[in-house]
Amino acid sequence: MMKRSIFDIINRKIRKSRIGKLVSGYQQLREANYISSHFSTYLEPVLAIDDDLRRTVYGIRHNVYCEELAFEPVHPEGLEKDEFDDYSRHCLIRHINTNQMAGTVRTVRPLMDDQFLPIEKYCSDSITRDDLRPQNFKRHEVCEISRLAVPKYFRRRRSDDFEGSAIGAINPETYSETELRCFPFIAVGLYFAAAASALEFGVKHAYVMMEPRLARSMGFVGIKFQQIGPVVDYHGKRAPYYINRPLLEGSLKPGFASMLKEIRLSLRQQIPLMPEEQQDYLQQFLNK
């Protein structure tokens, strides 16, 4: 017991020394480069810029939300779609080696006064932070991240296929802080793709309804969602969360900050390919 205590004291002193800080900084830099390069080697974000890609999005969602989780009814055509998709940006994560889509997420982005976020229509009473209610802000300044789905065939390992993994949760009993570099690139990449989409379009306030467990999972990598209401029963136990650019960029660990930057640069190149972005449609809202 005494030897362990002495070792701990020595170890703490080394970490606080100049050499210890240099080693720690070097390790963080290596990890940052590793995370960013590892993601771009195996995975890439893809905006759903045409009908074929959007059908892929709806097919993955049907597989997860209708067939696997039974959150929504099964549809004969095998597509899960709702009213919010008409004014949403959809993003996929492509597995480069197989060209298969490893997951999808959408950013609901209202522009008209009669367009609402899902959280406003179905869970408005769950928001107790009056200062952060979506209706406090202009329509084009808010978005909601929703319908994150990771298909089962990309959760093959036993440790990956646990309850909640279909919608992006990370098993805290399986993954240490270091091991997080190995699996959650898909789930984290999807959240980063949604965040990058929002940042590129000038959105200032983002909302999401999710399980507290998922919020804690994202906290492992530094995505600090702010809970703005109690847990309610909505497709399971969920709570409303809020995040903005300062909250996102101010807490990300270096490796994942690099990963977000890479995803944002990739999406920036794809945005001009979207038909609705080739017009000046958005300008009438941004000038208000």
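Is Phe84 buried or exposed, going by its relative accessibility? At 2% relative accessibility, Phe84 counts as buried. Here, buried means under 20% relative accessible area, exposed means over 50%, and partly exposed is in between, using a 1.4 Å probe and protein chains only.

Before we look around, a word on the model. It is a predicted one, in which local features need pLDDT of at least 70 and side-chain atom pairs count only at pLDDT 80 or more, while totals for chains, interfaces and linings use all residues. Residues are numbered from 1 along each chain as its sequence is written, and side-chain values use heavy atoms, with hydrogens and water left out.

## The whole chain

The protein chain has nine helices and eight strands. Both are DSSP runs numbered from the N terminus: helices are H or I with at least four residues, strands are E with at least two. Of the chain's 288 residues, 49% count as buried. Contact means heavy atoms within 4.5 Å. Among contacts between residues at least 6 apart in sequence, 70% join residues at least 24 apart.

## Two helices

Let us start with helix α3, residues 51-68. The expected span of a helix is 1.5 Å times one less than its number of residues. For the 18 residues of α3 this gives 26 Å, which agrees with the 24 Å between its end C-alpha atoms. At His62, α3 bends by about 30°; the bend is the angle between axes fitted to the seven residues ending there and the seven starting there.

Both ends of α3 have a detail to look for. At its start, a side-chain oxygen of Asp50 comes to within 3.2 Å of the backbone nitrogen of Asp52. Just after α3, Ala70 has a positive phi of about 60°.

Several residues of α3 are buried, including Leu53, Val57, Ile60, Arg61, Val64 and Tyr65. An α-helix has 3.6 residues a turn, so residues three or four places apart point the same way. The buried residues of α3 pack against four strands: β1 (43-47), β2 (88-95), β3 (100-108) and β4 (142-149).

Helix α8 (residues 254-270) can be checked in the same manner: its 17 residues should span 24 Å, and its end C-alpha atoms are 25 Å apart, which agrees. Among the buried residues of α8 are Phe256, Met259, Leu260, Ile263 and Leu267.

## Residues in the strands

Arg147 lies in strand β4 and, at 14% relative accessibility, counts as buried. Its side chain makes a polar contact of 3.3 Å with the side chain of Glu72. A polar contact is a pair of N or O atoms within 3.5 Å; within protein, one must be able to donate a hydrogen and the other to accept it, and residues adjacent in sequence count only if both atoms are side-chain atoms. Leaving aside neighbours within four places in sequence, the contacts of Arg147 include Arg61, Tyr65, Glu80 and Asp82.

Arg147 also lies over the face of Tyr65, at 5.2 Å from the ring centre. A charge sits over a ring if NZ of Lys or CZ of Arg is within 6 Å of the ring centre and within 35 degrees of the ring normal. Likewise, Arg89 lies over the face of Phe201, at 5.0 Å from the ring centre.

Thr107 lies in strand β3 and is buried, with a relative accessible area of 3%. Leaving aside neighbours within four places in sequence, Thr107 is in contact with residues including Tyr87, Arg89, Cys143 and Ala194.

## Aromatic pairs

The structure holds six aromatic pairs. Rings of Phe, Tyr and Trp (its six-membered ring) pair if their centres lie within 6.5 Å; planes under 30 degrees apart count as stacked, over 60 as edge-to-face and the rest as tilted. Here are two of the pairs:

| Pair | Distance of centres | Angle of planes | Type |
|---|---|---|---|
| Phe84 and Tyr122 | 6.2 Å | 75° | edge-to-face |
| Tyr191 and Phe225 | 5.8 Å | 65° | edge-to-face |

Phe84 is in the loop between α3 and β2, and Tyr122 is in helix α4 (residues 118-122), 38 residues apart. Unlike buried Phe84, Tyr122 is partly exposed, with a relative accessible area of 45%. Phe84, Tyr87, Tyr122 and Tyr234 form one aromatic cluster.

In the other pair, Tyr191 lies in helix α5 (residues 185-200) and Phe225 in the loop between α6 (212-219) and β6 (226-227), so parts 34 residues apart in sequence are tied together. Tyr191 counts as buried at 5% relative accessibility, and Phe225 counts as buried at 13%.
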